[in-house]
Amino acid sequence: MVTAVINGKAVLEHGVASVSLILDGGKIRAILAPDCDVSALYPGCGIIDAGGQYVVPGGVDGHVHFGGFGSVPIADDFYTGSKAALAGGTTTVVDFCEPGEGEDPLECIRVRKDFGRDSAVDYALHYTFTEDYRRELPRIPDILDQGITAFKAYTYYPRTSLLPGDFRNIMEVIHDKGTLLVHAEEKSIIDCMKERFHPESSDMTALSLTRPNIAEKIAVESVLAIARETGTRLCIAHASSRETAAIRRRERMAGNESFILESCPHYMQFTRKSMEGPRGALYTMNPPLRAREDADALMEAVLREDISILSTDHCPYSKQYKLGTNYETVPCGVDGVQTRMQYYFSEAVLKRGLSMEAFVRMTSSNAAKFYGLYPQKGVIAVGSDADLAFFDPALSWTYTMEDVAGATDYSIFEGFPLRGRCTRTIKGGEVVMENGVVTAKKGSGTFLFTK
Ligand code: URP
Ligand code: ZN
């Protein structure tokens with residue numbers, strides 16, 4: 001059935017326009033001037049009146065973990081994570097597959113796609129290299145055949161810690177085949193810092209203090225140098241420090257657009273102060289929360305669009321697994337997929353004057369472009385998927401646990417006052433969320449080939 005979205009302020013690539021959007025067969029079929037009589041042009045079409053709200057492309061969250069990451073269960077699986085995503089205007093996510101010990105890369109991809117069958121958002125996958133990457137590299141043609149061109153590597157993580165030489169080996173192979181997302185924290189700095197703290201310290205600020213800014217800075221400079229040498233398109237995952245923001249500024253000023261940053265709301269909103277006391281474990285992720293100066297520098301970087309991709313690293317664990325642990329054993333990761341677009345609409349657009357076009361670039365188009373999903377995703381254009389989110393700037397509200405559409409039992413954004421609200425999400429031309437109620441069916445999302 002044809003649906004017309006009328007009376008919206010659509011955020012198109014080249015500006016905000018009062019237009020009518022015609023949705024048909026899951027795609028945007030036409031963009032019409034507001035005075036066109038859509039009922040005459042498309043007799044019997046459904047009408048959705050946006051009531052003057054902003055209409056933006058459905059969000060693309062380039063970094064989520066929906067279930068099955070490590071030994072402790074992630075609170076959201078693909079279905080509950082999808083519901084949370086849709087509640088906040090996100091219609092596409094990029095998740096990860098990482099082979100287990102000795103596991104064949106294709107088997108790992110098969111298992112991950114099988115998990116993804118429950119998804120109600122469209123999803124793509126990153127392939128994560130492990131320390132066994134020499135066995136994995138020859139499988140790159142098969143991985144590409146599976147529709148995966150987004151690669152990820154870590155400088156420091158269990159089973160996936162790679163050194164500069166390893167990065168060079170990897171980038172020499174993948175530089176002309178896809179993109180590389182890097183979790184950048186220099187292992188030797190962290191290992192030395194850990195010697196200064198009691199290993200069983202339940203003071204979670206130790207997580208932050210043992211992973212200082214300099215660890216991120218050294219790792220970023222190192223992988224950047226290799227990316228430059230090999231001509232690899234590099235994105236730093238979850239940039240968390242003022243130093244990393246400054247490196248991107250420097251590179252941008254020098255015209256290097258092959259190097260970009262991703263960051264997440266928690267790094268702009270919270271500091272290691274939140275990690276103090278008995279509830280500190282609820283604010284643990286890697287890289288960790290840092291100082292107010294870092295949070296402010298990152299928000300500044302958003303306002304200047306020095307950060308290209310605003311994602312979440314959504315990786316929530318239930319309180320039972322977080323509380324009562326120490327800084328070495330706490331499962332790291334927090335929620336974010338539901339609040340991501342809401343947060344930037346409130347804090348960057350309405351409070352700090354970011355343009356709606358920039359909001360759209362950073363919350364959807366840039367990720368879609370970097371991962372080769374554009375123009376199917378990330379833009380309101382004729383022929384693109386009919387994935388839309390409505391944002392009402394006039395509503396103010398406080399995010400509570402009653403709003404949580406996923407399966408998390410706490411949120412770092414619980415009690416957070418927000419300006420503006422995502423009131424409706426449309427995916428593939430169907431309304432899948434209205435006023436917080438998600439109606440998307442389990443399994444209605446599809447796997448997307450990145451290019
Ligand atoms: O603490 C985090 N970030 N957990 C998720 C894994 C990752 O590094 O992306
Ligand atoms: Zn992550």
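Tutor: Buried means under 20% relative accessible area, exposed over 50% and partly exposed in between, with a 1.4 Å probe and protein chains only. This is a predicted model, where local features need pLDDT of at least 70, side-chain atom pairs count only at pLDDT 80 or more, and totals for chains, interfaces and linings use all residues. Residues are numbered from 1 along each chain as its sequence is written, chains are lettered from A and ligands numbered from 1 in the order written, and side-chain values use heavy atoms without hydrogens or water.

Student: Which of these words fits His65 and Asp313, buried or exposed?

Tutor: Both are buried, so each has under 20% relative accessible area.

Student: What makes His63, His65 and Asp313 donors of the zinc ion (ligand 2)?

Tutor: Donors are N, O and S atoms within 2.8 Å of the metal (3.2 Å for Na, K and Ca); water is not among the atoms, so sites may look incomplete. Here His63 (NE2), His65 (NE2) and Asp313 (OD) lie 1.9 to 2.1 Å from the zinc ion, so they qualify. His65, in the loop between β6 and α2, and Asp313, in the loop between β13 and α13, are 248 residues apart.

Student: Why is the site of the zinc ion (ligand 2) called tetrahedral?

Tutor: Four donors count as tetrahedral if all angles lie between 85 and 135 degrees. The angles among its 4 donor atoms are 94 to 127°, so the name fits.

Student: How do you know that β11 and β12 pair?

Tutor: Two strands pair if DSSP finds at least two bridges between them. β11 and β12 run parallel and are joined by 3 bridges, so they pair. Leu234 stands opposite Phe259 in β12.

Terms used
Helices (H or I, at least four residues) and strands (E, at least two) are DSSP runs, numbered from the N terminus. Four donors count as tetrahedral if all angles lie between 85 and 135 degrees; four count as square planar and six as octahedral if opposite donors are over 155 degrees apart and all others between 65 and 115; anything else is irregular.
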